[in-house]
Amino acid sequence: MTKQPLVVFEDVTKRYGTFTAVSPINLEIYKGEFLAIMGSSGCGKTTTLRMLAGLETPSDGEIRLAGKRINDLPTWQRDTPMVWQSLALFPFLTVRENIEFSLRMRGVERAERSARVDKWLDRMQITEFAERNVAHLSGGQRQRVALARSLVTEPEILLMDEPLSALDAHLKVRMQTVLSNLQRELGITFVYVTHSQSEAFSMADRVVIMSAGRVQQIGRPQEVYDRPASLFVATFIGAPPMNLFDVADVPVPAGTFPSSVATVGVRPEDIMLRTDVEGKGIRLDCSVSLVETLGADSVLHLRTVSQDGRPGLPVIARMGGNAREWEGRTMPIWLPPSRLHFFDQSGLRAEIPLSR
């Protein structure tokens, strides 16, 4: 049985005068999934979300929600609540009054309003703050109020525009767990905009990668990481980012790679490091200029040792354990053929069958 999408973007474009903020986008969002839209500032991700919310009108194309065209439907008739980056809580209202506000606007009877608000106060673990002014809450507490206010109407879909960006790192991780558990428990669709890979990859079922108003790739997080569709995705995803080499700089016999290959890439964690035994793969002799110790891992900043006097190429490798003693040494590394990524001259992924 074919899975039916809850939201459909069909050739949707957004222009502001002569500037195209979002080029034709085709996207299906399924009921009950957690979808993250990722990209750097100005890529079009927030504009895409705002078109779904009804805060922007598409210049071309069609957006459908539950099979109904909503291009011209007012925001308040869409039932697509949004949690903003700024949270947009009413500072002159209490926690209870903030959560209750949307129910009042919908004309929900007092008894039912009270019951629903109590339910979400309890669910978000903020009952003790019910009569407190939101200005007197911590960042994490305000975040929970904003979620409760959006979810108290029991929508089919919840939109979120970088809702965790203002939180410190420790609190952000805790809120990621809250959001993930909440989405699974409720079974509603979450559409989440972020520039953070860690947020998107830890929570989302699928990710949409955007750049310059265009969708670069859509897929499950691990799929996007393992098989980036373009050079942009390869470098945008991953920390540290993928190492990229011009094919002419990779020391292999002529004809090893088809002429379509222009760039060869390898993830830092896929580089094999050997100091006393021969490895398998493409060998590069490197000098270790710096070792960063990151808890249980080490990141090595290397530079290839050139045989013809040309400047060496920068390489970043990641390994488990403490590698501080390698700093300043020259050592061989190997690029395993089965973990290499290939891209053509236009920057798109090239599928090259290699023996493992």
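User: In this predicted model, what makes the side chains along strand 16 (residues 314–320) alternate, and which of them are buried?

Analyst: Val315, Ala317 and Met319 point to one face and are buried, while Pro314, Ile316, Arg318 and Gly320 point to the other and are not. Buried means under 20% relative accessible area, so Val315, Ala317 and Met319 fall under that cut-off, whereas Pro314, Ile316, Arg318 and Gly320 do not. In a regular strand the side chains alternate between the two faces of the sheet.

User: How do you know that strand 15 (residues 297–304) and strand 16 pair?

Analyst: Pairing asks for at least two bridges between two strands, and strand 15 and strand 16 have seven, in the antiparallel sense, so they count as paired. Across from Ala317 in strand 16 stands Leu300.

User: Which residues are closest to the centre of the largest pocket, and what classes make up its lining?

Analyst: The largest pocket holds about 550 Å³ of space, and of its 17 lining residues the closest to the centre are Thr75, Thr80, Pro81, Met82 and Ser102. Helix 2 (95–105) and helix 4 (139–151) each give two or more residues to this lining, with the largest share, three residues, coming from helix 2. By class the lining has nine nonpolar, five polar and three charged residues; Met and Pro count as nonpolar, so Pro81 and Met82 belong to the nonpolar class.

User: What makes Asp249 and Arg310 charged lining residues of the second largest pocket?

Analyst: Asp249 and Arg310 are among the residues closest to the centre of that pocket, and Asp and Arg count as charged, so both belong to the five charged residues in its lining, beside seven nonpolar and three polar ones.

How values were computed
Residues are numbered from 1 along each chain as its sequence is written. This is a predicted model: local features need pLDDT of at least 70, side-chain atom pairs count only at pLDDT 80 or more; totals for chains, interfaces and linings use all residues. Side-chain values use heavy atoms; hydrogens and water are left out. On a 1 Å grid over the protein atoms alone, a cavity is a set of points where a 1.4 Å probe fits but cannot get out, and a pocket is an open set with protein on both sides within 12 Å along at least five of seven lines; lining residues have an atom within 4 Å of a point. Grid points are joined across faces, edges and corners, and a volume is the space filled by probe spheres set on the points. Helices (H or I, at least four residues) and strands (E, at least two) are DSSP runs, numbered from the N terminus. Buried means under 20% relative accessible area, exposed over 50%, partly exposed in between (1.4 Å probe, protein chains only).
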